Amino acid sequence: MSIVLITGASSGFGKACAKQFAAAGYDLLLNARRADRLEALKTELESAYPIKVYTMPFDVRDNSAVEAAFNALPEAWTQIDILINNAGLAVGRDAFQDGDLADWETMIDTNLKGLMYVSKVVVKGMITRKAGHIINVSSVAGQEVYPQGNLYCASKHAVTALSKGMRMDLLPYGIKVTNVSPGLAETEFSIVRFKGDTEKAAKVYEGFEALKPEDIADVIFFAATRPAHVNLEEITILPTAQSDSRTVFKG
Ligand code: NDP
Ligand code: 8X3
């Protein structure tokens, strides 16, 4: 059975993807920083389905940790068929002039550089085997900018651009690259963005029905299971109440 590597699997979209792929019989490599959550998910999935899970608790921002984790992989886990680059975050929602440099660096280091480090390592085996699928989780914030979204939007625009560049360069090797751009989804995303302020986070999703992590896992699973000659290049998924990154109808 195929091996799927999911970054950011301890919560939200990544965790929902882990459940969906596990239910379909895929073996899973799960990454995030919170090792305890990964272990709990491994136990849950291995007891529910006839699959194997290997946890990789590293920080995607740390390239030497990324390389060490892949160098330490047991042989049976080295042929990664599908990479879901999902680890990411927003920190802060300030006007550019009020933004915090450390927050900006965290977003660029995680959303762009982390994706770059993990992909660089994983793509080597895909090139040798002339097969593989890289699914990058960008955002509607990677298509359109919104007020006080500045650096988060810039990091996700970079992900969308990198997906296009990867797709072009990897064409000769038959490697698919899919860019997924979700709109507002209720996960731990806004709790992280507002630095633990759960009231402020909950307000983001008041008055309309936001996407659920399972909605994003559904489209990622669909993209990953198309025939070999079919690649879904860009998938935008919004709540019905949202039309673009700035417009939400709150009834
Ligand atoms: P969550 O906060 O629920 O999950 C984020 C995941 O990323 C966690 O598993 C977290 O794990 C992991 N992560 C964060 N930083 C790092 C790091 N440095 N190294 C390894 N893992 C890391 O949010 P979502 O599920 O919503 O977010 C997933 C992706 O989807 C992100 O890229 C986000 O930008 C994007 N997105 C989210 C939308 C939304 O509205 N929710 C909409 C569009 C895109 P841990 O903390 O354990 O390391
Ligand atoms: C997450 C969705 O609209 O908060 O990428 O940027 S949004």
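Here are some notes on this predicted model, going through its two ligands, one helix and a few single residues.

1. Ground rules. This is a predicted model, with local features needing pLDDT of at least 70, side-chain atom pairs counting only at pLDDT 80 or more, and totals for chains, interfaces and linings using all residues. Residues are numbered from 1 along each chain as its sequence is written, chains are lettered from A and ligands numbered from 1 in the order in which they are written, and side-chain values use heavy atoms, with hydrogens and water left out.

2. Helix H1. Helices here are DSSP runs of H or I with at least four residues, strands are runs of E with at least two, and both are numbered from the N terminus. H1 covers residues 12-23, and its twelve residues should span 16 Å at 1.5 Å a residue; the end C-alpha atoms are 17 Å apart, which agrees. That expected span is 1.5 Å times one less than the number of residues. Buried residues in H1 include Gly12, Phe13, Gly14, Ala16, Cys17, Ala18, Phe21 and Ala22. Buried means under 20% relative accessible area, exposed over 50%, and partly exposed in between (1.4 Å probe, protein chains only). Just after H1, glycine 25 has a positive phi of about 95°.

3. Ligand 1. Which residues are closest to ligand 1? Of the 30 that surround it, they are Ser10, Ser11, Arg33, Tyr152 and Thr187; the cut-off is a heavy atom within 4 Å. For polar contacts, look for a pair of N or O atoms within 3.5 Å; within protein, one must be able to donate a hydrogen and the other to accept it, and residues adjacent in sequence count only if both atoms are side-chain atoms. Serine 10 puts a polar side-chain atom 2.7 Å from an oxygen atom of ligand 1. The backbone joins in too: a polar backbone atom of asparagine 86 is 2.9 Å from a ligand 1 oxygen atom, and a backbone N or O atom of glutamate 188 lies 3.1 Å from one. Taken alone, ligand 1 exposes 880 Å², and the protein buries 97% of that (Shrake-Rupley areas, 1.4 Å probe; for residues, only the protein chains shown count as cover). H1 and helix H5 (150-170) are the elements giving two or more residues to the shell around ligand 1.

4. Threonine 7. This residue is in the loop between strand E1 (3-6) and H1. Threonine 7 is buried, at 2% relative accessible area. Its side chain reaches the backbone nitrogen of asparagine 86 at 2.9 Å.

5. Ligand 2. The surrounding residues are Ser139, Ala141, Tyr146, Tyr152, Leu184, Phe189 and Arg193. Three side chains have polar atoms by an oxygen atom of ligand 2: serine 139 at 2.5 Å, tyrosine 146 at 2.7 Å and tyrosine 152 at 2.6 Å. On its own, ligand 2 has 240 Å² of accessible area, of which the protein covers 87%.

6. Two lysines to check. Most residues other than glycine have a negative phi. Lysine 130 nevertheless has a positive phi of about 50°, and lysine 195 has one of about 55°. Lysine 130 is in the loop between helix H4 (101-129) and strand E5 (132-137); lysine 195 is in the loop between helix H6 (189-193) and helix H7 (198-203). Are they buried or exposed? Lysine 130 counts as exposed at 53% relative accessibility, and lysine 195 counts as exposed at 53%.
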